[in-house]
Amino acid sequence: MASQKTLKQILEESNQCFLVPCVYDCASNRAVEMCGFPVSLLSGGEVSISMNGVIDYGLTNLTDLEWVVSRVSQTSSMPLIADIEDGFGGPLAVYRSAKRLAMAGAAAIQLEDAGDMEDTTKLLSRDKYLAKVKAALSALEGTNCMLIARTNADPAIPEEMKEGCERLKAAMDLGAELAMMVKITNLEQAKELAKVVPGWKIFADVRADNGVPSVTMDQLTELGYVMCSTHYTMKAAMEGMLEHGLQNFKDQSVAYTFTHASGTGQVDFSASPLFEPHAYLELENSFTGADKEYTIVGHKVDGYPEGFKRVSIKERL
């Protein structure tokens with residue numbers, strides 16, 4: 001992992017719950033990093049869409065996930081949390097998955113209690129889930145990778161809310177370092193969980209319907225929540241591509257793309273400047289003594305846009 005700080009160090013040094021964007025590849029992670037976010041979370045659902053072109057229906061396997069985690073974590077200065085779904089099987093499979101993803105660079109793994117990846121509303125029995133938690137904790141011993149215990153229990157159903165809280169507390173008692181009830185959507189449900197589950201918690205998939213956030217970072221901080229995940233990167237990417245695509249298709253021209261840069265304000269013919277290509281060549285030139293300049297088929301590429309976080313190229317290779 002290229003991150004200069006572990007996830008645990010960041011959480012220990014923070015006194016405020018903060019937003020953690022979900023990512024799905026190196027480019028989306030790069031955009032999150034440039035904006036200054038301190039941590040990112042690899043979304044299982046969005047990895048499935050970006051890598052396989054299909055919805056999250058249990059079709060992504062461990063090899064797929066390991067491949068993405070290794071590449072994203074290696075090229076990032078932020079700790080990366082990995083969603084490992086149900087761990088791809090029973091306790092032995094979870095042990096193997098946890099060990100391999102920690103080696104691939106995951107700063108934390110998120111293990112859910114779904115009984116069937118085709119129907120995540122079916123919960124494993126508490127005993128079976130806790131056996132998986134034990135397996136993951138054993139696999140992560142001696143690493144900096146943390147375990148996030150996640151339940152898919154529905155807080156709108158009182159008996160499920162009670163069971164979800166109790167199994168998360170049991171997982172924390174075993175050694176899981178963070179807890180998440182993924183279907184919590186409002187402050188009252190967040191408070192209910194906080195009454196039962198001590199320690200660090202994550203509020204999942206925060207919403208802002210009609211432009212109004214369902215919870216604030218200050219409210220969550222008071223309840224012991226340290227991170228709040230959000231899905232925006234894939235929607236933002238698709239909206240941008242569709243905006244440009246529709247206009248370019250209508251005009252049968254790329255003039256729209258050449259004159260619009262809503263994020264950086266830096267008009268260019270490609271996204272290459274956002275990845276600091278010149279810095280890579282500067283590093284190579286330091287080895288060769290040459291004076292090679294980066295171009296795209298002979299066309300010069302602008303420099304890195306101002307106002308965004310920069311990370312040494314040596315941290316990315």
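**Entry 1: the second largest pocket**

I began with the second largest pocket, whose volume is about 450 Å³. The model I am working from is predicted. I count 25 residues in the lining of this pocket, and those nearest its centre are Gly45, Asp56, Asp83, Arg150 and His231. Two elements give two or more residues to that lining, β2 (40-42) and α3 (44-52). Which of them gives the most? I find that α3 does, with four residues. Sorting the lining by class, I get nine nonpolar, eight polar and eight charged residues.

**Entry 2: the largest pocket**

Next I turned to the largest pocket, and its volume came out at about 1200 Å³. Here 33 residues form the lining, with Ala31, Ala237, Gly263, Ala271 and Leu274 closest to the centre. I looked up which elements give two or more residues, and they are α2 (26-34), α10 (233-251) and α11 (255-259). The largest share comes from α10, with seven residues. By class I noted 18 nonpolar, 11 polar and four charged residues in this lining.

**Entry 3: strand β5**

Arg150, one of the residues nearest the centre of the second largest pocket, sent me to β5. I find Arg150 pointing the same way from the strand as Met146 and Ile148, while Leu147, Ala149 and Thr151 point the other way. I was happy to see a textbook pattern here: in a regular strand the side chains alternate between the two faces of the sheet. How many of the six residues of β5 are buried? I get six of the six, so β5 is largely enclosed by the rest of the structure.

I then checked the neighbours of β5. Strand β4 (residues 108-111) runs parallel to β5, and four bridges join them. In that pairing I see Ala108 opposite Met146. Strand β6 also runs parallel to β5 (residues 146-151), again joined by four bridges. There, Ile148 has Leu178 as its bridge partner.

**Entry 4: strand β6 and its crossovers**

I followed the sheet on to β6, which covers residues 178-181. Is Leu178 buried or exposed? I find Leu178 buried on one side of β6 together with Met180, and Ala179 and Met181 buried on the other, so both faces of the strand are covered.

On from β6, I looked at β7 (residues 201-203), which pairs with β6 in the parallel sense over two bridges. Ala179 stands opposite Lys201 of β7.

I also traced the connections between these strands. β5, helix α7 (residues 158-174) and β6 make a right-handed β-α-β unit. I find another right-handed β-α-β unit in β6, helix α8 (residues 187-196) and β7.

**Entry 5: Thr230 on strand β8**

I stopped at Thr230, which lies in strand β8 (residues 225-230). Thr230 counts as buried because its relative accessibility is 9%, and the cut-off for buried is under 20%. I also took a distance from here: the C-alpha atom of Thr230 is separated by 13 Å from that of Lys183, with the two positions 47 residues apart along the chain counted as their separation.

**Entry 6: cysteines**

I searched the whole structure for disulfides and found zero. Cys35 is in no disulfide, and the nearest cysteine sulfur to it, that of Cys22, is 15 Å away. I noted Cys35 as exposed, since its relative accessible area is 53% and exposed means over 50%.

Cys228 is in no disulfide either; the nearest cysteine sulfur belongs to Cys17, 5.4 Å away. Why does this pair not count? A disulfide needs the two sulfur atoms within 2.5 Å. Is Cys228 buried or exposed? I have Cys228 as buried, with a relative accessible area of 0%.

**Entry 7: Asp291 in a loop**

My last stop was Asp291, in the loop between α12 (277-288) and β9 (295-296). I find Asp291 exposed, because its relative accessible area is 74%. I closed with one more distance: 8.5 Å separates the C-alpha atoms of Asp291 and Leu281, which are 10 residues apart along the chain.

Methods:
Residues are numbered from 1 along each chain as its sequence is written. This is a predicted model: local features need pLDDT of at least 70, side-chain atom pairs count only at pLDDT 80 or more; totals for chains, interfaces and linings use all residues. Side-chain values use heavy atoms; hydrogens and water are left out. On a 1 Å grid over the protein atoms alone, a cavity is a set of points where a 1.4 Å probe fits but cannot get out, and a pocket is an open set with protein on both sides within 12 Å along at least five of seven lines; lining residues have an atom within 4 Å of a point. Grid points are joined across faces, edges and corners, and a volume is the space filled by probe spheres set on the points. Ala, Val, Leu, Ile, Met, Phe, Trp, Tyr, Cys and Pro count as nonpolar, Asp, Glu, Lys and Arg as charged, and the others, Gly among them, as polar. Buried means under 20% relative accessible area, exposed over 50%, partly exposed in between (1.4 Å probe, protein chains only). Two strands pair if DSSP finds at least two bridges between them. A crossover is right-handed if, with the strands pointing away from the viewer, the path from the first strand over the helix to the second runs clockwise.
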